[in-house]
Amino acid sequence: MTQSVVVQVGQCGNQIGCCFWDLALREHAAVNQKGIYDDAISSFFRNVDTRAVGDGGSISKGRISSLKARAVLIDMEEGVVNEILQGPLRDVFDSKQLITDISGSGNNWAVGHKVFGRLYREQILEKLRKSAEQCDCLQCFFIIHSMGGGTGSGLGTFLLKVLEDEFPEVYRFVTAVYPSSEDDVITSPYNSMLAMKELNEHADCVLPIDNQSLFDIISKIDLVVNSGKLGSAVKPKSLITSNMGAVKKHHKKPFDAMNNIVANLLLSLTSSARFEGSLNMDLSEISMNLVPFPKLHYLVSSLTPLYTLADVNIPPRRLDQMFSDAFSKDHQLIQADPRHSLYLACALIVRGNVQISDLRRNIERLKPALQFVSWNQEGWKTSLCSVPPVGHSHSLLALANNTCVKPTFMELRERFTRLYKKKAHLHHYLQVDGMEESTFTEAVSSLSALIQEYSDLDATKSLPVPDVPRLSVAL
């Protein structure tokens with residue numbers, strides 16, 4: 001069984017991380033009724049004997065004593081991390097796995113990347129090594145950060161390079177939250193642009209998340225829940241958008257439901273590696289099957305169902321509807337429409353009581369409406385995990401390597417150009433030691449090259465699919 005370490009950076013990264021650990025604990029508690037420390041739990045948690053002196057001895061078998069998250073928490077402001085340490089999850093985090101400062105990065109990528117990167121490199125490395133040593137078979141680092149802030153974008157991407165140098169064999173999966181056009185951080189286009197170059201060069205897979213999409217999804221759910229239609233109450237035990245049944249929270253923050261969706265994305269992504277199923281999919285297979293070119297490693301994700309209606313009799317068409325929803329633009333976690341763009345590859349990670357025949361039937365049904373690149377017409381990767389999310393009978397995570405991410409990147413470049421033309425706020429970056437104006441131009445070139453690669457692929461959309469001659473077998 002493999003293990004993964006979650007590295008949460010900045011305010012956004014730590015808030016999503018907090019939701020993730022809450023949901024992961026609840027998911028394992030629902031499945032693991034006997035309280036035995038098993039392979040599934042070991043993928044994200046250590047079992048620690050708190051009575052042991054010093055570090056607390058690790059227990060690899062037997063009953064659960066005290067679970068500690070395989071996590072490194074980094075923020076250059078203390079606020080969010082302190083809140084986590086005073087909250088209901090405080091015992092899940094090892095105090096030796098935290099790095100905080102008090103000044104913050106001032107929404108400046110250069111401060112996070114150049115100043116704090118240099119300052120905390122050894123400390124971060126020591127904690128990453130410590131986390132790696134506590135794993136039997138470390139497979140993946142999950143890095144969660146935002147693109148618009150200073151610490152998330154700057155230190156988060158600095159960390160990627162450190163991981164690549166120190167752990168070249170371990171996969172680096174990045175969950176990056178992109179700012180919406182109504183973002184209140186004036187310098188977010190600079191931060192996002194500079195961070196993009198690092199993601200292009202040092203990440204294995206990036207799952208872009210768009211704040212606006214998350215907000216739209218939550219608004220739609222609220223509309224359904226408040227419409228008062230028969231049976232349209234959200235099941236209280238549902239893990240997706242409801243925190244009911246979890247730890248009692250004094251006040252629900254507006255971002256909680258949005259963070260829950262991202263946390264569920266990570267839970268579904270790793271479900272096949274943690275639980276049994278008739279078709280298991282390893283994290284290495286995602287990178288291997290979905291990324292045909294090293295730079296084109298941005299995967300558009302959609303999650304369905306996003307809520308569970310409290311009706312008992314689920315009609316069979318609900319299952320087929322789930323597959324249809326996964327390809328509609330309303331369920332994408334970035335503002336994109338994959339149906340009208342070109343697929344390089346697509347993964348379907350299904351959880352719950354779903355048969356292989358259901359999976360095949362739906363792929364055959366949807367295939368004619370989806371355009372795949374000519375040299376990868378059968379570019380499907382599928383996974384069936386028998387354990388559904390808590391409160392659901394089944395769920396689906398679709399990961400698409402699709403040219404529909406291009407508009408997100410073009411809009412980012414546009415917003416950057418508007419600011420950069422006027423040289424607005426540029427002096428805040430250039431006064432940081434080691435930061436030069438060429439860093440900006442290199443970042444623009446990197447993103448433009450990426451956009452061009454997607455455009456070149458889009459141009460092949462209308463080309464006929466070559467009929468490959470099959471090998472004839474003599475009988």
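Which residue in β14 does A347 stand opposite? The answer is L399. The points below start from that pair and work outward.

1. **What this is.** The model is predicted. The protein has 475 residues, and 56% of them count as buried. It holds 14 helices and 14 strands. Its accessible surface comes to about 20800 Å². Carbon and sulfur atoms supply 53% of that surface.

2. **Contacts along the chain.** Take the contacts in the protein with a separation of 6 or more. Residues 24 or more positions apart account for 82% of them. Several examples follow.

3. **Strand β11.** This strand covers residues 342–352. Of its 11 residues, 11 are buried, so β11 is largely enclosed by the rest of the structure. Look here early; three pairings are described next.

4. **Antiparallel pairing of β11.** Strand β14, residues 394–402, runs antiparallel to β11. The two are joined by 9 bridges. A347 opposite L399 belongs to this part of the picture.

5. **Parallel pairings of β11.** Strand β13, residues 380–385, runs parallel to β11, with 6 bridges between them. C346 has W380 of β13 as its bridge partner. Strand β12, residues 371–372, also pairs with β11 in the parallel sense, over 2 bridges. There, Y343 is partnered by F372. Between β11 and β12 the chain passes through helix α11, residues 356–366. This β-α-β crossover is right-handed.

6. **Strand β10.** Residues 300–304 make up this strand. Its burial count is 5 of 5 residues, so β10 too is largely enclosed by the rest of the structure. V300, S302 and T304 point one way, while S301 and L303 point the other. All of these are buried. In a regular strand, side chains alternate between the two faces of the sheet.

7. **β10 meets β14.** These strands run antiparallel and are joined by 5 bridges. S301 has L399 of β14 as its bridge partner. L399 is also the residue that A347 stands opposite. To follow this in the model, start at L399 and trace one link to S301 in β10 and the other to A347.

8. **The largest nonpolar core.** In soluble globular proteins, nonpolar side chains tend to be buried together. Here the largest nonpolar core has 66 residues. Those with the most contacts inside it are V7, I74, L128, F141, M196, L199 and F409. Helix α4, residues 109–133, gives the largest share, 9 residues.

9. **I74 in detail.** Leave aside neighbours within four places in sequence. I74 is then in contact with V7, Q8, V9, G10 and N14, among others. Its contacts also include I99, I124, L155 and L159. Another core, of 57 residues, lies apart from the largest one. Among its members are V80, C140, I217 and L283.

10. **I217.** Where does I217 sit? It is found in helix α7, residues 211–226. I217 has a relative accessible area of 4%, under the 20% cut-off, so it is buried. Not counting residues up to four places away in sequence, I217 touches I261, L306, D330, H331, Q332 and L333. I217 and L333 are 116 residues apart along the chain, yet their C-alpha atoms are separated by 8.5 Å.

11. **S324.** This residue is in helix α10, residues 317–326. Is S324 buried or exposed? Its relative accessible area is 19%, and the cut-off for burial is under 20%, so S324 counts as buried. Beyond residues up to four places away in sequence, S324 touches R365 and L366.

12. **Aromatic rings.** The structure holds 25 aromatic pairs. One of them is F416 with F440. Their ring centres are 6.2 Å apart and their planes stand at 25°, so the pair is stacked. F416 lies in helix α12, residues 406–421, and F440 in helix α14, residues 437–458. The pair therefore ties together parts that are 24 residues apart in sequence. Both rings belong to buried residues: F416 has 1% relative accessibility, and F440 has 0%.

13. **An aromatic cluster.** F20, W21, F44, F45, F93, F142 and F173 form one aromatic cluster.

Technical notes: Residues are numbered from 1 along each chain as its sequence is written. This is a predicted model: local features need pLDDT of at least 70, side-chain atom pairs count only at pLDDT 80 or more; totals for chains, interfaces and linings use all residues. Side-chain values use heavy atoms; hydrogens and water are left out. Helices (H or I, at least four residues) and strands (E, at least two) are DSSP runs, numbered from the N terminus. Buried means under 20% relative accessible area, exposed over 50%, partly exposed in between (1.4 Å probe, protein chains only). Contact means heavy atoms within 4.5 Å. Accessible areas come from the Shrake-Rupley method with a 1.4 Å probe; for residues, only the protein chains shown count as cover. Two strands pair if DSSP finds at least two bridges between them. A crossover is right-handed if, with the strands pointing away from the viewer, the path from the first strand over the helix to the second runs clockwise. A nonpolar core is a set of buried Ala, Val, Leu, Ile, Met, Phe, Trp, Tyr and Cys residues joined through side-chain atoms within 4.5 Å. Rings of Phe, Tyr and Trp (its six-membered ring) pair if their centres lie within 6.5 Å; planes under 30 degrees apart count as stacked, over 60 as edge-to-face and the rest as tilted.
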